[in-house]
Amino acid sequence: MSDRETLANLPVEQQRQLLRRLLQDRARGARFPMSVQQQSLWYEYLQEPASPSFNVFLPARIRSPIDVPRFRRAIDNLVARHAALRTTFGTDGGEPYQQVHAARPAGFQVIDASRYTEDQLREAVIEESVR
């Protein structure tokens, strides 16, 4: 039986998973040209790299107990699934490019602010947002 016949005999869901893995392996570490829209945003960023306009800061206040390891795994799975969350931008010889990186554990900080006053919480959020 040929590889093609073997592949054709796999259930559709297994074929999709295999294709997804092959595409991810192929894209990992590869550089691609930026789209016109990405180039536009890139050039705007170069004009004012310190501007917070190009970063999203999203503090979340969770008022109930949370299973931090499970939450971290969910974020890691989200990042692994969506290449846009693993893509960085740069230039090489003046030419802009985008590069998709392999998935790695998400870096986020867990702060127990349950004893913070509203003012302390607001100050902590402001401090983190300019870091």
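Aspartate 92 stands opposite glutamate 95 in β3. Aspartate 92 also forms a salt bridge with arginine 31, with the closest N and O atoms 3.2 Å apart. Arginine 31 lies in strand β1 and aspartate 92 in strand β2, so the pair ties together parts that are 61 residues apart in sequence. The model is predicted. Its mean pLDDT is 84, and 93% of the residues reach 70 or more.

**Sheet layout**

- The sheet is open and has 3 strands, in the order β1-β3-β2, with antiparallel pairing.
- β1 (31–33) and β2 (87–92) stand at the edges with a single partner strand each, so one side of each has no neighbour in the sheet.
- Neighbouring strands are turned by 40° against each other on average, direction ignored.
- β3 is largely enclosed by the rest of the structure, because 5 of its 6 residues are buried.

**Strand pairing**

- β1 and β3 (residues 95–100) run antiparallel and are joined by 3 bridges.
- On the β1 side, arginine 31 stands opposite glutamine 99 of β3.
- β2 and β3 also pair in the antiparallel sense, over 6 bridges.
- Threonine 87 has valine 100 in β3 as its bridge partner.
- Aspartate 92 faces glutamate 95 of β3.
- The hairpin of β2 and β3 has 2 residues between the strands, and glycine 93 takes a positive phi near 65° there.

**Arginine 31 and aspartate 92**

- Side chains of opposite charge can pair when their charged atoms come close.
- Arginine 31 and aspartate 92 are such a pair, forming a salt bridge at 3.2 Å between the closest N and O atoms.
- Arginine 31 has 45% relative accessibility and counts as partly exposed, because exposed requires over 50% and buried under 20%.
- Aspartate 92 counts as partly exposed too, at 48% relative accessibility.
- Arginine 31 thus has a place opposite glutamine 99 in the strand pairing and a salt bridge to aspartate 92.

**Other salt bridges**

- The structure holds 4 salt bridges.
- One of them links arginine 16 to glutamate 13, with the closest N and O atoms 3.8 Å apart.
- Both residues lie in helix α2 (residues 12–27), where 3 residues, about one turn of the helix, separate arginine 16 from glutamate 13.
- Arginine 16 is partly exposed, with a relative accessible area of 49%.
- Glutamate 13 is partly exposed as well, with a relative accessible area of 41%.
- Another salt bridge joins aspartate 67 and arginine 70, whose closest N and O atoms are 3.9 Å apart.
- Aspartate 67 is partly exposed at 40% relative accessibility.
- Arginine 70 is exposed, at a relative accessible area of 54%.

**Arginine 86, a buried arginine**

- Arginine 86 sits in the loop between α4 (68–81) and β2.
- Its relative accessibility is 11%, so arginine 86 counts as buried.
- A polar atom of the arginine 86 side chain lies 2.6 Å from the backbone oxygen of histidine 101.
- The backbone oxygen of alanine 80 lies 3.3 Å from a polar atom of the arginine 86 side chain.
- Neighbours within four places in sequence aside, arginine 86 is in contact with Val79, Ala80, Gln99, Val100, His101, Ala102 and Ala103.
- Two residues on that list have roles in the sheet: Gln99 stands opposite arginine 31, and Val100 is the bridge partner of threonine 87.

**Alanine 60**

- Alanine 60 has its place in the loop between α3 (36–47) and α4.
- Alanine 60 counts as exposed, at 62% relative accessibility.
- The C-alpha atoms of alanine 60 and valine 125 are separated by 9.7 Å, while the two residues are 65 residues apart along the chain.

**Confidence by element**

- Helix α1 (residues 3–8) has the lowest mean pLDDT among the elements of the chain, at 73.
- α4 has the highest mean pLDDT, at 93.

Conventions:
Residues numbered from 1 in each chain as written. Predicted model: local features only at pLDDT ≥ 70, side-chain atom pairs only at ≥ 80, totals over all residues. Heavy atoms only, no water. Pairing = 2+ DSSP bridges. Helix = DSSP H or I, 4+ residues; strand = E, 2+ residues; numbered from the N terminus. Axes fitted to C-alpha atoms, helices over the stretch in contact; angles between N-to-C directions. Buried < 20%, exposed > 50% of the residue type's maximum accessible area, 1.4 Å probe, protein only. Polar contact = N/O pair within 3.5 Å; in protein donor to acceptor, adjacent residues only side chain to side chain. Contact = heavy atoms within 4.5 Å. Salt bridge = Lys/Arg side-chain N within 4 Å of Asp/Glu carboxyl O. pLDDT = per-residue confidence, 0-100.
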